[in-house]
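Trainee: Could you walk me through reading a model like this one? I'd like the general idea each time, and then the case at hand.

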Amino acid sequence: MVKKATSLREALGTLVRARPAVCPNPGFIAPLKNMESRVRGESSLDVDVLPAKKEDRVALFRLAV
């Protein structure tokens, strides 16, 4: 995220659209949100837990650029 200057939402969206089975757990997402807040001043991801169903995860990031 830092190297490519992308938001957490953009990075996870790219990952989930490429591999819908990927579902990072809350223990992994929380430090990423904290890092993004420190680097960018705010977190772009408004959820703490990604949906369990693949279709719902993809839909969550469908509009992410």
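Here the two go through the fold, the core and a couple of residues ahead of the opening helix.

Mentor: One thing before we start: this is a predicted model.

Trainee: Fine. How many helices and strands does the chain have?

Mentor: There are three helices and zero strands. Going along the sequence, you read the pattern α-α-α.

Trainee: And how do I judge the overall shape? What radius of gyration would a compact globule have with 65 residues?

Mentor: The idea is to set the chain against a globule rule. For 65 residues a compact globule would come out near 11 Å, and the chain has 11 Å, so the two agree. The C-alpha atoms fill a box of roughly 30 × 25 × 15 Å along the principal axes.

Trainee: What share of the contacts with a separation of 6 or more is between residues 24 or more positions apart?

Mentor: That share is 59%. As for burial, 25% of the 65 residues are buried.

Trainee: Which residues make up the largest nonpolar core?

Mentor: General idea: in soluble globular proteins, nonpolar side chains tend to be buried together. In this chain the largest nonpolar core has nine residues: L8, L12, V16, I29, L32, L45, L50, V58 and F61. At least two of them come from each of α1, α2 (26-40) and α3 (54-61), and α1 gives the largest share, with three residues. Take V16 as a case: beyond residues up to four places away in sequence, V16 touches V22, R57, V58 and F61.

Trainee: Now the surface. How much area does the chain expose?

Mentor: About 4,400 Å², with 57% of it supplied by carbon and sulfur atoms. For charge, count 12 positive and 7 negative side chains; the centres of the two sets are 8 Å apart.

Trainee: What about backbone angles? Which residue has a positive phi although it is not a glycine?

Mentor: Most residues other than glycine have a negative phi. A5 goes the other way, with a positive phi of about 55 degrees. You'll find A5 in the segment before α1 (8-18).

Trainee: Is A5 buried or exposed?

Mentor: A5 has 58% relative accessibility, so it counts as exposed; the cut-off for that is over 50%.

Trainee: And S7, buried or exposed?

Mentor: S7 is also in the segment before α1, but its relative accessible area is 6%, so S7 is buried. Apart from neighbours within four places in sequence, S7 is in contact with M1, E36, R40 and S44.

Technical notes: Residues numbered from 1 in each chain as written. Predicted model: local features only at pLDDT ≥ 70, side-chain atom pairs only at ≥ 80, totals over all residues. Heavy atoms only, no water. Helix = DSSP H or I, 4+ residues; strand = E, 2+ residues; numbered from the N terminus. Rg over C-alpha atoms; globule rule 2.2 N^0.38 Å. Buried < 20%, exposed > 50% of the residue type's maximum accessible area, 1.4 Å probe, protein only. Contact = heavy atoms within 4.5 Å. Areas by Shrake-Rupley, 256 points an atom, 1.4 Å probe, with all protein chains shown as cover. Lys, Arg positive; Asp, Glu negative; His and termini not counted. Charge placed at Lys NZ, Arg CZ, Asp CG, Glu CD. Core = buried A, V, L, I, M, F, W, Y, C linked by side-chain atoms within 4.5 Å.
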